[in-house]
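Please open the model in your viewer and keep the selection panel at hand. The tour begins at a loop and then moves to a sheet.

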Amino acid sequence: MPGPTLEMEPVEPQSLKKLSFKSLKRALDLFSPIHGQLAPPDNESKRIRISHKVNVEYGGIKSTTSLPSRHVISSATDHGQQSSVSSSMLALPGLEDSKDPLKGGAQNALVVGPSSQPKAPNDVLPGKSTAVIPAQGSSERFSTSAIMERLPSKWPRPVWHPPWKNYRVISGHLGWVRSIAVDPSNTWFCTGSADRTIKIWDLASGRLKLTLTGHIEQVRGLAVSHKHTYMFSAGDDKQVKCWDLEQNKVIRSYHGHLSGVYCLAIHPTIDILLTGGRDSVCRVWDIRSKMQIHALSGHDNTVCSVFTRSTDPQVVTGSHDSTIKFWDLRYGKTMLTLTNHKKSVRAMAPHPKENCFASASADNIKKFNLPKGEFVHNMLSQQKTIINAMAVNEEGVLATGGDNGSLWFWDWKSGHNYQQAQTIVQPGSLDSEAGIYALTYDGTGSRLISCEADKTIKMWKEDESATPETHPLNFRPPKDIRRF
């Protein structure tokens, strides 16, 4: 007869977690059979660590001869013998300020040796190291936060800037005011509007000096040359025009765009003009001959912001395809593409002094270094609106204007948002017409001009009566800054 068969017990399917817990338990059983007791403390290393931390944080050892009401404990050595006690003790701030040792300094008290016994204050012997503790028996559960080395934040602290206030509202346009440019002599500025006109205003008084007509659609881009008496305008009618301001008329037109032209910039050193538009191309024009030098193609959507520099990368464009491209002007090729943004890059602003620029999108405002395009950091708040315009002055005040009429002011260095202003629509307008389409500083950087959807131009200046006491800086350095 065959022998009796042994039935196998069903093995319970065990998760990886259970198995790892089992192996942990085995290791504990093997190496630490006494679960109820912790390993004995190494008093020597603890003494070295505490004295180092206290010296780093509090700048040395303080005398406690004037603290008669406190208990003093001497630290034990490795062999269980009492080490020598010195007349100087480790005392923490907070202990000195309180008359009652159980109130003021209890939470900041230091315990040096767990095996030591309390002694009376008069029993202190010369030459032994001691520490001050409260009279209560909470020495087993003292907090390590008292001896942790607190590292200061490496984030740059923002510079204090006075808040900005609106001091003038200019009305005159019959449509949304879409673009603005300030004359290099800082005496006048021009605005382009959805009413198809360009108006020239006196900067000091805000009075209208001149109205220019010629575009048949809204004027989306304006720039004034600092070398010639020329002003350039671009609009939704695909036209780019050069105006002679001595004759106040169009002397050249630049034909080539296949759709509306959204942005415009003049090169600072060479006589060339850059325009970007809905045909996803940034076109480079020779001002004098009206010839197209390059068509910088590579974006997948509308080119809505452009700025230019005298050194490489000489052309930087932002697009609705959420990318920023650096262009090599010699060969008309892309040097670099930045893909940090997730939404349309509608506005960019180069810093007037530093080699860096900021770009704004609905997701974030980001800072990049030039010429390599390294990402520096995000601004520390989110405006949570479509940002149409940006401007930065030499003092490092960055202004951003949103589709909902919010005008936020930022400290350039730290990215701290120190003021959140809201534009007020002019009487008779809808609340939904609170939108800012263009921003620029004047030549001095002390006046800010905004172009808005309620058909007005508003001028802003710093509040002269504000001080750091009346408007304190409410800044907290970021803990987990996102590096992308």
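Select aspartate 442 and glycine 445 to begin: the side chain of aspartate 442 reaches the backbone nitrogen of glycine 445 at 2.9 Å. The model is a predicted one, in which local features need pLDDT of at least 70, side-chain atom pairs count only at pLDDT 80 or more, and totals for chains, interfaces and linings use all residues. Residues are numbered from 1 along each chain as its sequence is written, and side-chain values use heavy atoms, with hydrogens and water left out.

Next, add threonine 444, whose side chain forms a polar contact of 3.0 Å with that of aspartate 442 (a pair of N or O atoms within 3.5 Å; within protein, one must be able to donate a hydrogen and the other to accept it, and residues adjacent in sequence count only if both atoms are side-chain atoms).

Display strand S30 (436-441) and strand S31 (447-452); aspartate 442 lies in the loop between them. Strands are DSSP runs (E, at least two residues), numbered from the N terminus.

Now colour arginine 447, the nearest side chain of opposite charge to aspartate 442, at 5.7 Å. Aspartate 442 is buried but has no salt bridge. Buried denotes under 20% relative accessible area (1.4 Å probe, protein chains only); a salt bridge requires a side-chain nitrogen of Lys or Arg within 4 Å of a carboxyl oxygen of Asp or Glu. Lys and Arg count as positive, Asp and Glu as negative; His and the chain ends are not counted.

Finally, move to the open sheet of four strands, ordered S14-S15-S16-S17 with antiparallel pairing (strands pair if DSSP finds at least two bridges between them). Strand S14 (261-266) and strand S17 (292-297) are at the edges with a single partner strand each, so one side of each has no neighbour in the sheet.

How values were computed. Buried means under 20% relative accessible area, exposed over 50%, partly exposed in between (1.4 Å probe, protein chains only).
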